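Work through these exercises with the structure in view. Try each task before you read its solution.

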Amino acid sequence: MGVIRILIAEDQQVVRGALVALLELEPDLTVVAEVGSGDDVVPAALKHGPDVAVLDIDMPGGIDGLDAAAELHRQVPGCRTLVLTGQGRPGHLRRAQGAHVTGFLLKTAPVDELITAVRAVAAGRRVLDPNLAVTAWDLGDNPLTPRESDVLRLTAEGAEATEIAARLFLSAGTVRNHLTAIVSKLNARSRTDAVRIAGDAGWI
């Protein structure tokens with residue numbers, strides 16, 4: 001394999017700069033694009049044609065790193081994805097599988113592991129941080145339907161039932177019914193508790 005072309009997506013400029021500098025030290029790696037939001041990932045990939053996209057999960061914009069990975073798979077299938085995360089949430093691993101992510105690494109991983117992971121992902125091999133292996137083994141299914149996840153995600157943003165109803169083209173009563181079902185499914189004490197539980201699991 002020749003020089004591996006890399007796209008970096010990380011919203012913290014200092015971290016992004018450090019990643020770029022470290023990867024550029026390797027003779028077989030070159031960073032062809034760097035972006036700070038999920039919305040910019042696909043346009044940058046379409047423009048620069050990277051072999052690997054290194055994506056932070058939590059980024060500002062309309063989509064996060066995992067949503068961006070799914071869009072890359074659809075629109076730039078030749079670009080493989082390596083996701084970096086500060087927390088190994090079970091739900092993130094499940095979403096990563098659905099988004100056809102090739103590698104999943106903790107941000108606390110040593111630099112040499114990151115570099116090795118980039119090369120492995122570029123070669124088409126799957127990479128899972130060893131510290132996440134047990135989490136992956138015990139991975140549980142998200143009990144929420146896609147619509148319930150949408151409702152809870154908007155609730156987490158502070159939207160009231162009427163606003164959620166308008167944004168999702170539902171009635172306010174239907175939204176309240178969804179919220180009741182969500183609280184029950186997650187064995188939560190309240191909507192706020194449901195948001196916490198789903199957030200910790202990576203389901204929203």
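**Exercise 1.** Decide whether Asp56 is buried or exposed, then describe its surroundings.

*Solution.*
Step 1. Take the cut-off: buried means under 20% relative accessible area.
Step 2. Apply it. Asp56 has 5% relative accessibility, so Asp56 counts as buried. This model is predicted, so the value is computed from predicted atoms.
Step 3. Place the residue. Asp56 belongs to strand β3, which covers residues 52-56.
Step 4. List the neighbours. Leaving out residues up to four places away in sequence, Asp56 touches Ala9, Glu10, Asp11, Gly65, Leu84 and Lys107.
Step 5. Check the record. An unreviewed UniProt entry lists Asp56 for "modified residue: 4-aspartylphosphate".

**Exercise 2.** Find which residues have the most contacts inside the largest nonpolar core, and which elements supply that core.

*Solution.*
Step 1. Start with the core itself. It has 26 residues. Those with the most contacts inside it are Leu7, Ala9, Val41, Leu55, Leu72 and Val101.
Step 2. Turn to the suppliers. At least two residues each come from β1 (4-9), β2 (29-35), α2 (41-48), β3, α3 (65-75) and α4 (90-98).
Step 3. Pick out the largest share. Helix α3 gives five residues.
Step 4. Zoom in on Leu72. Not counting residues up to four places away in sequence, its contacts are Val41, Val42, Ala45, Ala53, Leu55, Pro77, Cys79 and Thr81.
Step 5. Look for another core. A second, separate one has 22 residues, among them Ile4, Leu23, Leu29 and Ala120.

**Exercise 3.** Is Thr81 buried or exposed, and what does it touch?

*Solution.*
Step 1. Locate Thr81: strand β4, residues 80-85.
Step 2. Judge its accessibility. The relative accessible area is 2%, so Thr81 is buried.
Step 3. Name the contacts. Beyond residues up to four places away in sequence, Thr81 touches Ala53, Leu55, Ala69, Leu72, His100, Val101, Thr102, Gly103 and Val121.

**Exercise 4.** Work out how helices α7 and α8 are oriented to each other.

*Solution.*
Step 1. Read the geometry. Helix α7 (residues 146-156) and helix α8 (residues 161-168) pack at about 130 degrees, and their axes are 10 Å apart.
Step 2. Compare with the cut-offs. Angles over 145 degrees count as roughly antiparallel, and 65 to 115 as roughly perpendicular.
Step 3. Conclude. Helices α7 and α8 are therefore oblique to each other.
Step 4. Add the handedness. The crossing of α7 past α8 is right-handed.
Step 5. Find the touching residues. Helix α7 contributes Arg147, Asp150, Val151, Leu154 and Thr155, while α8 contributes Ile164, Arg167 and Leu168.

Conventions: Residues numbered from 1 in each chain as written. Predicted model: local features only at pLDDT ≥ 70, side-chain atom pairs only at ≥ 80, totals over all residues. Heavy atoms only, no water. UniProt positions renumbered as here; feature names shortened; annotations may be inferred. Helix = DSSP H or I, 4+ residues; strand = E, 2+ residues; numbered from the N terminus. Buried < 20%, exposed > 50% of the residue type's maximum accessible area, 1.4 Å probe, protein only. Contact = heavy atoms within 4.5 Å. Core = buried A, V, L, I, M, F, W, Y, C linked by side-chain atoms within 4.5 Å. Axes fitted to C-alpha atoms, helices over the stretch in contact; angles between N-to-C directions. Parallel < 35°, antiparallel > 145°, perpendicular 65-115°, else oblique. Left-handed = near helix turned anticlockwise from the far one by under 90°.
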